[in-house]
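Please open the structure in the viewer and keep the sequence panel visible. The tour begins with the whole chain and then moves to single residues.

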Amino acid sequence: MMLEQAMKDQLVNVFANLKNDYILKMVVADMHPNKSELVTLLNEVAECSPHITTQVSNGDALSFTILKNGEDSGVRFRAVPTGHEFTTLLLAILNLDGIGKNLPDEFIISRIKNIKKQLVLKSYISLTCTNCPNVVQALNVMAFLNPNISHEIIDGGINKGEVEALNIQAVPSVYLNDELLHVGRASLGELLAAMEEKTGTVADTTNTVSKEYDVIVVGGGPAGVSAAVYAARKGFSTAIVAEKIGGQVTETVSIENMISVPQTTGAELSANLVKHLNDYPIDVLENRWVEKTDLVQGKKQLTTSLGEVLTTPALIIATGASWRKLGVPGENDYIGSGVAFCTHCDGPFYKDKKVVVVGGGNSGLEAAIDLSSIASEVTVLEFLDTLKGDQVLQDKLAQLPNVKVITNAQTLQVEGDGTKVKGLQFKHRGSGDTEQLSTDGVFVQIGLQANSAVFADVVETNRMGEIEIDAHCRTKVPGVYAAGDVSVVPYKQIVIAMGEGSKAALSAFEDSIKGKLLAN
């Protein structure tokens, strides 16, 4: 038995409202080492609903498809969907039945259905990858909504030869008609935009939406959700615009400093953020981002990536921050082919290989500790003359025999052979001497950069791109507020972001009462 009884009991409730019949149709080679695991898993899932059955036939590899009322859904798993991908299997069945909070709004659905060309999508994933499920689930939704689109989910651990032939070193790696489309974390909106560009699909703009709200929150992380909830509780008509609810939090594997919640994960916290939003009459505009910001007679006018025009007297910017890049030659050339940002996602590709971690803060030290159990050799490069990470992490790092730390080191260049990373060049800042490191992978862990560029012509930012605010989250523009990691508030922590989001909404409420939302 693979599923515990408690999990089976939950699945009975999850599948209780299914209206259609589903067949999990497996094609597996008799001697495939993963056959028993796949058959057992899918049989146990099927036991949880009278609407789900399984079929097994002999083949030359391992795969399964989901049939809805006898019709192929357009999605094929070449994987045993355990680990992070178990939810993907469950959501696939629910989505086919029209259920699931990950289903997009009608505006997005119309864009997906507008694609007329035949598209074959393949996503190469790892069961340990925390970013893969979101990408896989988004592509599944597209396949379910548009019969011109098919999608294969391919586990690199089972299909090693195929992964090596394609020289895949980062997941998820998404291919469109056998050409690389995208590597790494992405929202449904980003993937859809990339597919439209690749296929020359022109979005239908005849139904462009124009709406006005009392408050618009941009950003779906802890700060944004907190601001939206507080605004709605004050009676404001509220919208939240985000690529995905959860933001940067979704990449966090373990969270142990949320006061009153001793331990949780990024996925769990993100799910709770969505649940809390759904308790209020908030328009959740996911899978898009703001491309333009204008001030029109004091009101704030936002144009989204889908062409929507949204207007509000009160704008709360909570767009967070993204991983910073090194900005050195070779870095962009090898992203997905040796340059990575997520150890949990891409670490398994470097088993018994040499890796370099650039960054000596908490994220860099945690990455080095994680990689030490996978890689043969880990080198940490820190720009300053001492490590910046917590002492407890430094102490743990010092106990690892295969980890070397070099401080006062400036990364100069990532080097490769045209297909993958082979080395890294850095300078000893004290002596000025340069040194070459032979490495198979470079993990960049040098902190975050504020996502404020689209608002830079409206609000003031510092040299780091952080939005300048006062103690009440107000910018110098009446009716414009900023909260969380995108602002100058120190200590980029979840609990701080939540507090700042609440504060921004309360400031907007106070300014509304006093008639201060619009510029003079």
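How many helices and strands are there in the protein chain? The protein chain holds 13 helices and 27 strands. Please bear in mind throughout that the model is predicted.

**The whole chain**

Begin with the entire protein chain selected. Its C-alpha atoms fill a box of roughly 75 × 65 × 50 Å along the principal axes. The radius of gyration is 24 Å, which agrees with the value near 24 Å that a compact globule of 520 residues would have.

Next, switch on a surface display. About 23,200 Å² of the protein chain is exposed, and carbon and sulfur atoms supply 49% of that area. Buried residues account for 51% of the 520 residues. If contacts are displayed, consider those between residues at least 6 apart in sequence: 68% of them join residues at least 24 apart.

Colouring by charge is the next step. The chain carries 44 positive and 61 negative charges, and the mean positions of the two sets are 3 Å apart.

**Cysteines and a neighbouring loop**

Select Cys129, which counts as buried because its relative accessibility is 0%. Then select Cys342, likewise buried, with a relative accessible area of 10%. A search for disulfides across the whole structure finds zero.

Move now to Thr130, in the loop between strand 5 (119-125) and helix 5 (132-145). Is Thr130 buried or exposed? At 16% relative accessibility, Thr130 falls under the 20% limit and therefore counts as buried. From here, draw a distance to Val380: the two residues are 250 apart along the chain, and their C-alpha atoms are separated by 23 Å.

**A cis peptide bond**

Select Val171 and Pro172 together. A cis peptide bond joins them, with omega at about -10°. Pro172 lies in the loop between helix 6 (160-165) and strand 7 (173-176).

**Two residues with positive phi**

Which loop holds Ser260? Ser260 is located between strand 11 (238-241) and helix 9 (266-277). Its phi is near 85°, a positive value in a residue other than glycine. Ser260 counts as exposed, because its relative accessibility is 71%, where the limit for that class is over 50%.

The last stop is Gln297, in the loop that runs between strand 13 (290-296) and strand 14 (299-304). Phi of Gln297 is also positive, near 50°, in a residue other than glycine. With a relative accessible area of 78%, Gln297 is exposed.

Terms used: Residues numbered from 1 in each chain as written. Predicted model: local features only at pLDDT ≥ 70, side-chain atom pairs only at ≥ 80, totals over all residues. Heavy atoms only, no water. Helix = DSSP H or I, 4+ residues; strand = E, 2+ residues; numbered from the N terminus. Rg over C-alpha atoms; globule rule 2.2 N^0.38 Å. Buried < 20%, exposed > 50% of the residue type's maximum accessible area, 1.4 Å probe, protein only. Contact = heavy atoms within 4.5 Å. Areas by Shrake-Rupley, 256 points an atom, 1.4 Å probe, with all protein chains shown as cover. Lys, Arg positive; Asp, Glu negative; His and termini not counted. Charge placed at Lys NZ, Arg CZ, Asp CG, Glu CD. Disulfide = S-S within 2.5 Å.
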